[in-house]
Each structure stands twice: as structure tokens, then as C-alpha cells.
Amino acid sequence: MIRRIPGLSSAGPVELEVPDGEYLVRVAHAQYRFDRNKPYYAFQFEVLEPVSLELRSITGRLYCHAKALWKLSWFLHDFGYDSELLGGDQLDEQALVGLIGVLKISHKCVNGRMLVNLDAFAPAERWSDFYGPARKTPEVA
């Protein structure tokens with residue numbers, strides 16, 4: 001059987017909304033997701049810098065099983081999460097919203113799905129070390 005699909009011949013590769021790279025971001029949303037093998041936090045970030053991608057959204061996840069806690073802890077430290085809560089092994093989803101920092105991302109295709117890897121983190125103050133001063137000082141929402 002042959003099917004006609006209009007536009008198929010002119011369709012090109014999918015363009016990434018936010019390409020691989022480093023961004024100054026703000027946590028817009030964080031939610032714990034239970035998975036028996038790999039529980040994780042799903043994050044949505046708003047891009048603050050560079051200006052050309054301002055307010056675009058990046059979604060990603062950080063796992064919170066025993067072998068991945070180092071990365072979650074790295075993220076929390078660099079984004080300035082409350083050290084008192086962190087010291088008590090507590091994660092407050094509301095306290096995560098509004099945190100600002102530098103995020104390095106890359107994309108990876110797994111089983112036909114394009115996933116965002118959260119590769120590295122740095123405090124927001126380090127943005128000027130990479131790209132010069134930010135055009136404005138981001139405020140916590």
C-alpha cells in the first residue's frame with residue numbers, strides 16, 4: 001500500500017530549540033518523579049543568557065538514586081540551594097524554583113527520542129568568567 005503524505009519530501013532535520021552549549025538559567029519548575037529503579041527530579045529551566053535564546057525552555061532530569069546523588073548535590077551547591085535544607089538531606093521543590101546558575105547541556109538520541117543531558121553546572125557568578133558580564137543581574141523569582 002502506498003500513502004501520500006503532503007510535505008514529507010520537504011521536511012528537513014528537526015532543529016533543536018536550544019542547541020548544545022552553556023546557558024545562564026533559572027529553575028522554572030521542579031518535580032520529583034518516582035521510578036522503581038531510577039527516581040529523578042524533572043526540571044524545567046528558563047534561559048536568561050545568551051539574549052538570543054532568552055526565555056526559551058530547557059527540560060531535563062537529575063536522578064536521585066545512590067550512584068547519581070553526586071550530580072544532584074553538585075547542581076544544588078552551584079545553584080545556591082539552601083545549605084540548611086541540604087545539610088538535613090531535604091529537598092524542597094518550592095525552594096528549587098527561582099534558583100539561578102550556569103548549565104551546560106548536550107543532546108543525545110536514545111531509542112529514537114532526543115534527550116537533554118545536564119552535563120555540568122556552575123554558580124551564576126561564573127557566567128562572566130565564560131562570556132563577560134551578563135546584560136542584567138538576574139533576580140530570583
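Which residue stands opposite glycine 101 in β5? In this predicted model, the answer is proline 123. That pair belongs to one of the strand pairings described below, and the rest of the sheet is a good place to start.

The sheet is open and built from five strands, which line up in the order β3-β2-β1-β4-β5 with antiparallel pairing. At the edges sit β3 and β5, each of which pairs on one side only. Going from one strand to the next, the twist averages 45 degrees. Helix α1 packs on this sheet, where it touches β1, β2, β3 and β5. The direction of α1 makes about 50 degrees with that of β5. As a reminder of what holds such an arrangement together, strands of a sheet pair through backbone hydrogen bonds, either parallel or antiparallel.

Taking the pairings one at a time, β2 and β3 run antiparallel and are joined by seven bridges. Within this pairing, tyrosine 41 has leucine 62 of β3 as its bridge partner. For β1 and β4, six bridges make up an antiparallel pairing, and here glycine 21 is matched with isoleucine 105 in β4. Then come β4 and β5, again antiparallel, with ten bridges between them. Besides the glycine 101 and proline 123 pair, cysteine 109 stands opposite methionine 114 in β5. The hairpin of β4 and β5 has two residues between the strands, and asparagine 111 takes a positive phi near 50 degrees there.

Asparagine 111 brings up the matter of backbone geometry. Most residues other than glycine have a negative phi, and most peptide bonds are trans. The loop between β2 and β3 is worth a look on both counts. Leucine 55 lies in this loop, and although leucine 55 is not a glycine, its phi is positive at about 65 degrees. Proline 50 is found in the loop between β2 and β3 too, and the peptide bond leading into it from glutamate 49 is cis, with omega near 0 degrees.

Next, the pockets. The largest pocket has a volume of about 720 Å³. Its lining counts 30 residues, and those that lie nearest its centre are Thr59, Gly60, Arg61, Val116 and Asn117. Two or more lining residues come from each of β1 (21–33), β2 (40–49), β3 (57–63), α1 (69–78), β4 (100–110) and β5 (113–123). The largest share belongs to β3, with seven residues. Sorted by class, the lining of the largest pocket has 15 nonpolar, seven polar and eight charged residues.

The second largest pocket holds about 190 Å³ of space. Around it are Tyr41, Cys64, Leu69, Leu72, Ser73, Leu76, Leu86, Asp89, Gln90 and Leu91. Tyr41 thus turns up twice in this account, as a residue of this lining and as the bridge partner of leucine 62. In this pocket the biggest contribution, four residues, comes from α1, the helix that packs on the sheet. The lining of the second largest pocket divides into seven nonpolar, two polar and one charged residues.

As for how far to trust the prediction, the chain averages a pLDDT of 87, and 87% of the residues score at least 70. Among the elements of the chain, α1 has the highest mean pLDDT, at 96. The lowest mean, 81, goes to helix α4, which covers residues 127–131.

Definitions and conventions:
Residues are numbered from 1 along each chain as its sequence is written. This is a predicted model: local features need pLDDT of at least 70, side-chain atom pairs count only at pLDDT 80 or more; totals for chains, interfaces and linings use all residues. Side-chain values use heavy atoms; hydrogens and water are left out. On a 1 Å grid over the protein atoms alone, a cavity is a set of points where a 1.4 Å probe fits but cannot get out, and a pocket is an open set with protein on both sides within 12 Å along at least five of seven lines; lining residues have an atom within 4 Å of a point. Grid points are joined across faces, edges and corners, and a volume is the space filled by probe spheres set on the points. Ala, Val, Leu, Ile, Met, Phe, Trp, Tyr, Cys and Pro count as nonpolar, Asp, Glu, Lys and Arg as charged, and the others, Gly among them, as polar. pLDDT is the predictor's confidence in each residue, from 0 to 100. Two strands pair if DSSP finds at least two bridges between them. Axes are lines fitted to C-alpha atoms, for helices over the stretch in contact, and angles run from 0 to 180 degrees between N-to-C directions. Contact means heavy atoms within 4.5 Å.
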